[in-house]
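Student: I have a protein model open and would like a close look at one part of it. Could you take me through its salt bridges, and then what lies around them?

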Amino acid sequence: MTPDHFPSLFCKEMSVGYANGIRVMSMTHTGEPGFMLYIPIEYALHVYNEVMSVGQKYGIRNAGYYALRSLRIEKFFAFWGQDINNLTTPLECGRESRVKLEKGMDFIGRDALLQQKQNGVYKRLTMFILDDHDSDLDLWPWWGEPIYR
């Protein structure tokens, strides 16, 4: 499953062990190469066991959801409901490439985006690396902390 045979955001059905009809999408929420598996419930345990068994030689481990949410920050993958919401436009959060304004297709909010593109944005989502973060005093900056200049 190389990028040449399975490009980013590509989806197809595959078999995993004895389970067939598994939808596999080359996409992750961490920014690293990876896959999402959509598994019929009756195959879930079998597919999990197969993946964990084969993955042992690659160092596979179970990781929690908070780990995935944290790993995505390195690649600037915005998290819906935390970093962006329905009041954030693609121009404000670095997702201009996801909206094809030049195709001429009409959609709700198109005129507002065109106007914002012409006038410029007045706020922009950015992420910062904390160089002097003291993990003994402040273990986890979660989100929404203000930054003062």
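Tutor: Happily; we will start with the salt bridges and then move on to the core and two single residues.

This is a predicted model, so a word on the ground rules: local features need pLDDT of at least 70, side-chain atom pairs count only at pLDDT 80 or more, and totals for chains, interfaces and linings use all residues. Residues are numbered from 1 along each chain as its sequence is written, and side-chain values use heavy atoms, with hydrogens and water left out.

Side chains of opposite charge can pair when their charged atoms come close. A salt bridge here is a side-chain nitrogen of Lys or Arg within 4 Å of a carboxyl oxygen of Asp or Glu. The structure holds two of them.

One joins the side chains of E13 and R23, with an N to O distance of 3.7 Å. This pair links distant parts of the chain, as E13 sits in strand 1 and R23 in strand 2, ten residues apart. Strands (E, at least two residues) and helices (H or I, at least four) are DSSP runs, numbered from the N terminus. R23 counts as partly exposed because its relative accessibility is 47%. For that scale, buried means under 20% relative accessible area, exposed over 50%, and partly exposed in between, using a 1.4 Å probe and protein chains only.

The other bridge pairs E96 with R124, whose closest N and O atoms are 3.4 Å apart. Here too, distant parts of the chain are linked: E96 lies in the loop between helix 2 (65–71) and helix 3 (110–119), while R124 lies in the segment after helix 3, 28 residues apart. E96 has 34% relative accessibility, so it counts as partly exposed. R124 is partly exposed as well, because its relative accessible area is 47%.

Now back to strand 2 and the core. A nonpolar core is a set of buried Ala, Val, Leu, Ile, Met, Phe, Trp, Tyr and Cys residues joined through side-chain atoms within 4.5 Å. The largest one has six residues: F6, V16, A19, I22, V24 and V47. Strand 2 (residues 19–25) gives the largest share of this core, three residues.

From core member A19 we can step to A44: they are 25 residues apart in sequence, yet 8.8 Å apart in space, C-alpha to C-alpha. A44 belongs to helix 1 (residues 44–55) and, at 30% relative accessibility, is partly exposed.

Last comes L9, in the segment before strand 1 (11–16). Its phi is near 65 degrees, a positive value in a residue other than glycine. L9 counts as exposed because its relative accessibility is 56%.
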